[in-house]
Amino acid sequence: MRKHKNARRGVSFGTIWMLTLTALTLVGFCMLVQTFTGGTDIRINAAELAVAVDQSLSQIASSASQIISSQPTNEPLSAEELAIWSGSDAPATQTPQPVATTPPTYRFSLCAAGSMVFNTAMFDALTYDGVYRFETLFDDALVSAMQSDMTLVTLESTVMDSQKVSNNNAPLQLLPAMRDAGIQLVCLGYPGILAGGIEGLKETQNAIRAAGMTPYGVYESQAARQALNSTMAGEVKVALLSYQDRTTSASRNATTEDERAFALAPLDADVIAADIAAARQAGAQVVLVSLCWGDQGDTTVNDDQVAFAQTIADAGADIILGTYPGALQTVQILTAERGDGKYHPVLCAYSLGNLVTHDREKRISISSILLNAQVVYDSATGLVAFDELSYTPTYAWRGREDGVQRYRILVNDGVNYPDYVGDDQKAVMERCLKVVTDAMENSPVPSAV
């Protein structure tokens, strides 16, 4: 062990022996001098000298013992001793050592549903004694299946209380019923959203917010287009992006080209990549991208869509949700290549079809799913993963109750049917269930029923 530079060195046994020998030599020398001189002039008492020498030796031994006892040992030094060695009067304090902590992993549950498409006949069918009863649209089993930290649908309708109800404008009473069913996010990215102009868009967005839900997908101003639209799913910040390349003639007639330029984000790979990068810069941890694309009635995904989805995934999207075709298409897990050598899974639903619709010409129009997943965000790596993936088949039912036509959205498990579903309707539901299982046949996402 290395000694402190200010430590005093101890007296060795050899040193004590030499001092003793020197003292005895002096005593002998004095006695010889006395013998040679006859003892007349030198008056030294030998006994007194011996006592003096003995006292000196005792003091030396005592001093040596004290010095030796002050030398470093294997015992740790006290704070006071540390202060002495360091030349400080204050006791030394021990510096706390940092404790390693593991950055947390967060997760939230996701439920993504298809489009809600209405017309006035449906609104009439959801009226009881002159009062809208939109809560009856959502069957109890469906409401149970929709519960999650982040449940979303696409609403293909404006909600303007200042305008009359029409095929493209829903009553205000629809929104609280959607919220009570568990819906939290409402995508407005569909071709007819600007039929009421920018003011109609603002009114629709404000009505959705007032009902306790978050609208996204269309922008009421250039500033809104440039700002990040996001939501918190538990502890995770999720960016909400939406893109489309088509509008109805009613939307074009109600807006200018400049208004459409900021209101609708184009279905362009470079634009989407830039928006994703900006969302990450603004603190988004998960990026969700909705796409209004494809052709009406398509049940298969074309090569261009596959390539475009991969491009978006590579650009940083974590979840891709397709709308507009009005038919269910497959769900896949894409592997994004982002140049960092890490595995980036991307949940991609090419089209979720219709959750509910007035169109009943084809079974594909009334057959859909709820897509469920646990989204996992690792704050240490920034990576996103998916657990507990599953889908729940749904069916847009229309039938008669007490002689009046009604609508319901049902879970279609092929086993359990509400009392108001007749045998003929059960047969239709079984065929619609096959539509769903065929569409999901090559998907890695299993059925929850």
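What follows is a walk through the side-chain contacts, one helix pairing and a few backbone details of this predicted model.

Salt bridges make a handy starting point. The count here comes to eleven. One of them joins R225 to D275, and the closest N and O atoms in that pair sit 3.0 Å apart. R225 belongs to helix α8, which covers residues 222–226, while D275 belongs to helix α11, which covers residues 269–281, so this contact ties together parts of the chain that are 50 residues apart in sequence. Neither partner is out in the open: R225 and D275 are both buried.

A salt bridge also brings together the side chains of R246 and D245, with 3.2 Å from N to O. The burial picture is not like that of R225 and D275. R246 has a relative accessibility of 24%, so it counts as partly exposed. D245 is partly exposed as well, because its relative accessible area is 49%, and the cut-off for calling a residue exposed is over 50%.

Then there is E401 with R408, a salt bridge in which the closest N and O atoms are 2.6 Å apart. R408 counts as buried because its relative accessibility is just 9%, and buried means under 20%. This arginine turns up again further on, in a contact with a ring. Salt bridges can also join up into a network, and that is what happens with R280, D318 and R338.

Aromatic rings come next, and the count for these is six pairs. In one of them, the ring centres of W293 and F308 are 6.4 Å apart and the planes meet at 55°, so the pair is described as tilted. The two rings come from distant parts of the chain: W293 sits in the loop between β9 (286–292) and α12 (303–315), F308 sits in helix α12, and 15 residues separate them. Both rings are tucked away. W293 has 4% relative accessibility, so it counts as buried, and F308 is buried too, with a relative accessible area of 18%.

A second tilted pair is made by W397 and Y420, whose ring centres are 4.8 Å apart and whose planes stand at 50°. Here W397 lies in strand β15 (residues 384–401) and Y420 in the loop between β16 (404–411) and α13 (423–439), so the pair ties together parts that are 23 residues apart in sequence. How buried or exposed is W397? At 1% relative accessibility, W397 counts as buried. Y420, on the other hand, is partly exposed, with a relative accessible area of 24%.

Rings can gather in groups as well: F118, F123, Y132 and F134 are linked into a cluster by ring pairs.

Some rings also have a charge for company. Y420, already paired with W397, has the charged end of R408 sitting over its ring, 5.2 Å from the ring centre. R408 is the arginine that also forms the salt bridge with E401. Another case of a charge over a ring involves R133, whose charged end sits over the ring of Y128, 5.2 Å from its centre.

Moving up from single side chains to helices, α11 and α12 pack against each other at an angle of about 25°, with 9 Å between their axes. Which way do α11 and α12 run relative to each other? The angle makes α11 roughly parallel to α12, since the cut-off for that label is under 35 degrees. The crossing of α11 past α12 is right-handed. Both helices have come up before: D275 lies in α11, and F308 lies in α12.

The backbone has a couple of details to point out too. D129 has a positive phi of about 50°, although it is not a glycine. This residue lies in the loop between β2 (127–128) and β3 (131–132). At 84% relative accessibility, D129 counts as exposed. D402 is another residue other than glycine with a positive phi, near 55°. D402 is found in the loop between β15 and β16, and it counts as exposed, at 82% relative accessibility.

Last up is a proline inside a helix. P176 lies in helix α6, which spans residues 174–180, and this proline is partly exposed, with a relative accessible area of 29%. The C-alpha atoms of P176 and A207 are separated by 9.9 Å, with the two residues 31 apart along the chain.

Notes
Residues are numbered from 1 along each chain as its sequence is written. This is a predicted model: local features need pLDDT of at least 70, side-chain atom pairs count only at pLDDT 80 or more; totals for chains, interfaces and linings use all residues. Side-chain values use heavy atoms; hydrogens and water are left out. A salt bridge is a side-chain nitrogen of Lys or Arg within 4 Å of a carboxyl oxygen of Asp or Glu. Helices (H or I, at least four residues) and strands (E, at least two) are DSSP runs, numbered from the N terminus. Buried means under 20% relative accessible area, exposed over 50%, partly exposed in between (1.4 Å probe, protein chains only). Rings of Phe, Tyr and Trp (its six-membered ring) pair if their centres lie within 6.5 Å; planes under 30 degrees apart count as stacked, over 60 as edge-to-face and the rest as tilted. A charge sits over a ring if NZ of Lys or CZ of Arg is within 6 Å of the ring centre and within 35 degrees of the ring normal. Axes are lines fitted to C-alpha atoms, for helices over the stretch in contact, and angles run from 0 to 180 degrees between N-to-C directions. Angles under 35 degrees count as roughly parallel, over 145 as roughly antiparallel, 65 to 115 as roughly perpendicular and the rest as oblique. A crossing is left-handed if the near helix is turned anticlockwise from the far one by less than a right angle, and right-handed if clockwise.
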